[in-house]
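Here are my notes for someone opening this one for the first time. Have the sequence and the 3D view at hand while you read.

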Number of protein chains: 2
Amino acid sequence: MKKQSDKPDIVSVARLAGVSAATVSRALNHPDLVHPATRKKIDLAIRKSGYIRNRAAQTIHGRRSATIGLIVPTIANVIFAELVQAFNDAVSQQGFTLLLASHGYDLATEYALVRKLLEHRVDALALIGLDHGEDTYRVLREQGLPALAIWNYDPVSTISCLGIDNAEAGRIAASHLLMLGHRRIATIFPDTGENDRARSRRSAAQATLKAAGLGDRADWQIQTPYNTGQAKRASLELLASVDRPTALLCGNDVIAQGALYAALKLGLKVPGDLSIIGIGDFVGSAELEPPLTTIRIPARRIGAAAADHLVAAVDSESEDAMIRTCFECELIMRATTATPPVG
Amino acid sequence: MKKQSDKPDIVSVARLAGVSAATVSRALNHPDLVHPATRKKIDLAIRKSGYIRNRAAQTIHGRRSATIGLIVPTIANVIFAELVQAFNDAVSQQGFTLLLASHGYDLATEYALVRKLLEHRVDALALIGLDHGEDTYRVLREQGLPALAIWNYDPVSTISCLGIDNAEAGRIAASHLLMLGHRRIATIFPDTGENDRARSRRSAAQATLKAAGLGDRADWQIQTPYNTGQAKRASLELLASVDRPTALLCGNDVIAQGALYAALKLGLKVPGDLSIIGIGDFVGSAELEPPLTTIRIPARRIGAAAADHLVAAVDSESEDAMIRTCFECELIMRATTATPPVG
DNA sequence: AATAGTCTTGCAAATGTTTTCATAAAATAT
DNA sequence: ATATTTTATGAAAACATTTGCAAGACTATT
């Protein structure tokens, strides 16, 4: 009755194998340091006892926790789906486990989540974008763990970042519509208050339109959250008017999808009557009917690269160097944009 | 130079506050046991030093890790998006952190993930469905931690489960099409080898069709993964023939969406020429044009209930009681099904 | 057969908390 | 005022592991 819990620990395995706990530990962490024969005995003892090692104990010893945190605005949405999957796959493949959290586009909540993940001693932390609370930035600085802002590239960021130039994405989208000859262009974006990605896209797009001499009609600057249903309803309202735009520049593909459905519902031909362009190229955007013209964000590559960077930063004990990596975004011309209707 | 790491720990906080480590610990975990004045001093010291407590240390002490594991087949897809979000929200709100993993519909990988999460000493573990490796079941049994199979209800499951009766879903979908008068019905499902949800739906649907006297044409039993693009291509092939079905029963909404796009592309009227029914009612299905008729799975409620059950099981030290909860699934008649075309 | 070198292993200290037990101080009752 | 109960705190053991150090066991070299 000396053991209160029946769960086998390293010393019970050691006893079973007839060696010391230290040797078992070494067999697990530095197999090359222990004699093949002993290793065999230990393997057998582990198998026999059903031992599962306790990461918490090694974490506490100062070893890494083998966990990496990822905080995204939302999960219940296709926006970050590919990113999360790719990030998780890469991280997992290198022996780490993902701690995932979502804050619903609220930076105060985000700070609380950061603290929570730090309590769990994640070895590294990834966030989306560069809009974060002052307190978030401070605690990240203080803790000095590898941190990375994903999704938005900014040449003057204060923490490492890896993503696309969202302003460029907005510019490309706007230019594409202008190039096709559109002069009646509406934009649909979410609230850009705490969302630097949307803000960059939006202001660059507006600037491009303005530079082309387009007045900025307030009623053609729609705001709606990243939600297909709400985007569809907002678009229905916008498009119902006879004085409607000939093109819609959407903050991302989720909105674009909603806009497309609205057009379909109203019997508008896309792209004959109305051009629609999205940003993101999310899963499924290529399969829409008609297939969506959009600006591709290489989400899988970004996710994998982010994971690789963080894992490397954890492995190399050295001070993790600041990186700022820009992935190219690219116009994917599919079938929802064309020259504006005559008349 | 006595401290090698500069990170403040509980004793440095204690020193700073002029109390013992035990008191700091108490102030954190049982605030009512420490004098308000001392609490104040401690709070200040914590603030000042930027102390973040170490969950690993409490985990190792036998306290709970405050983490819950969730293993899903896939993240890069809308299928489990709402479930994961709801689960995470509920778990998070109760002070737990989510450890997420995905296995890509491979049960061997799943077993490895289960082990990994157990190494991290998750307090509870949730899996999707009831198809799992023998080894997975064994280790779950041995470890005796609260475990839960989500998504599929089975009255004779060997572990707790919480979800819908997938056979019922398949039956409802098939009955709906029969009721409308369809006699030429094709089914599109993924590989059902290691996927009990799909298997239950499919076999119940087939049985219902057979009971109605419909022969099971092999070329009308399509197999394609849960992927809009592949489903669209498979449907294009199926629907291009003049000898085509009048209705498509799809394994889930992702497939249904692909089928719908295929029909649109071929210029088929939905539901005039072709009826399509999905299963799941995923985010966005209601917004499709035309809106998708489907069998609703209450993903948010399931996710929240699953989380609540596991948290409760963790909190109550008692042996966690087996539960088997069945959520109702429900036919949502939207606009993609109708009576078959005459002629 | 002796010496030097290389492997392999065990001991013990260390990691950051929590909690039991004991004690001191304060509050209450007599 | 004293005796008793309550409240607040500290000391130390416990949790499961890793690792530096030292010593014992081989192997290779002469």
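1. Which polar backbone atom is 2.8 Å from a phosphate oxygen of DNA strand C? The backbone atom belongs to A:S20. I list this as a polar contact, meaning a pair of N or O atoms within 3.5 Å; within protein, one must be able to donate a hydrogen and the other to accept it, and residues adjacent in sequence count only if both atoms are side-chain atoms.

2. Some housekeeping before going on. This is a predicted model, where local features need pLDDT of at least 70, side-chain atom pairs count only at pLDDT 80 or more, and totals for chains, interfaces and linings use all residues. Residues are numbered from 1 along each chain as its sequence is written, chains are lettered from A and ligands numbered from 1 in the order in which they are written, and side-chain values use heavy atoms, with hydrogens and water left out.

3. Back to DNA strand C. It is surrounded by 26 residues, with A:T23, A:T38, B:I10, B:S25 and B:Q58 the closest; a residue is near a strand if one of its heavy atoms lies within 4 Å of it. Of the strand C atoms that come within 4 Å of the protein, 65% are sugar and phosphate. Chain B adds its own phosphate contacts: a polar side-chain atom of B:S25 is 2.3 Å from a phosphate oxygen of strand C, and one of B:Y51 is 2.7 Å from a phosphate oxygen of that strand.

4. Which elements build this surface? At least two residues each come from helix 2 (21–29) of chain A, and from helix 2 (21–29) and helix 4 (55–60) of chain B. Helices here are DSSP runs (H or I, at least four residues), numbered from the N terminus. Helix 2 of chain B has the largest share, four residues. By class, the surface near strand C has nine nonpolar, 12 polar and five charged residues. For that split, Ala, Val, Leu, Ile, Met, Phe, Trp, Tyr, Cys and Pro count as nonpolar, Asp, Glu, Lys and Arg as charged, and the others, Gly among them, as polar.

5. Now DNA strand D. Here 25 residues surround the strand, and the closest are A:I10, A:S25, A:Y51, A:Q58 and B:T23. Sugar and phosphate make up 67% of the strand D atoms within 4 Å of the protein. A phosphate oxygen of strand D is 2.6 Å from a side-chain N or O atom of B:T23, and another contact puts a backbone N or O atom of A:N54 3.1 Å from a phosphate oxygen. A base is reached too: a side-chain N or O atom of A:H61 is 3.2 Å from a base oxygen of strand D. Helix 2 of chain A gives the most to this surface, four residues, and the surface near strand D has eight nonpolar, 12 polar and five charged residues.

6. How do the two protein copies relate? A turn of 180° and a shift of 0.0 Å along the axis lay chain A on chain B with an RMSD of 0.1 Å, so the copies are related as by a two-fold rotation axis. The superposition is by least squares on the C-alpha atoms of residues with pLDDT of at least 70 in both. Also, 98% of the interface residues of chain A are interface residues in chain B, so the copies meet through the same surface.

7. One residue to look up where the chains meet is B:K232, in helix 10 (residues 228–240) of chain B. B:K232 is buried, with a relative accessible area of 6% (buried means under 20%, exposed over 50%, partly exposed in between, with a 1.4 Å probe and protein chains only). Its side chain reaches the backbone oxygen of A:E287 at 2.9 Å. Leaving out residues up to four places away in sequence, B:K232 touches A:E287, A:L288, A:E289, B:G258, B:Y261, B:A262 and B:K265, where contact means heavy atoms within 4.5 Å.

8. Last, B:N166 in helix 8 (residues 166–179) of chain B. B:N166 is buried at 0% relative accessibility, and its side chain reaches the backbone oxygen of B:W151 at 3.4 Å.
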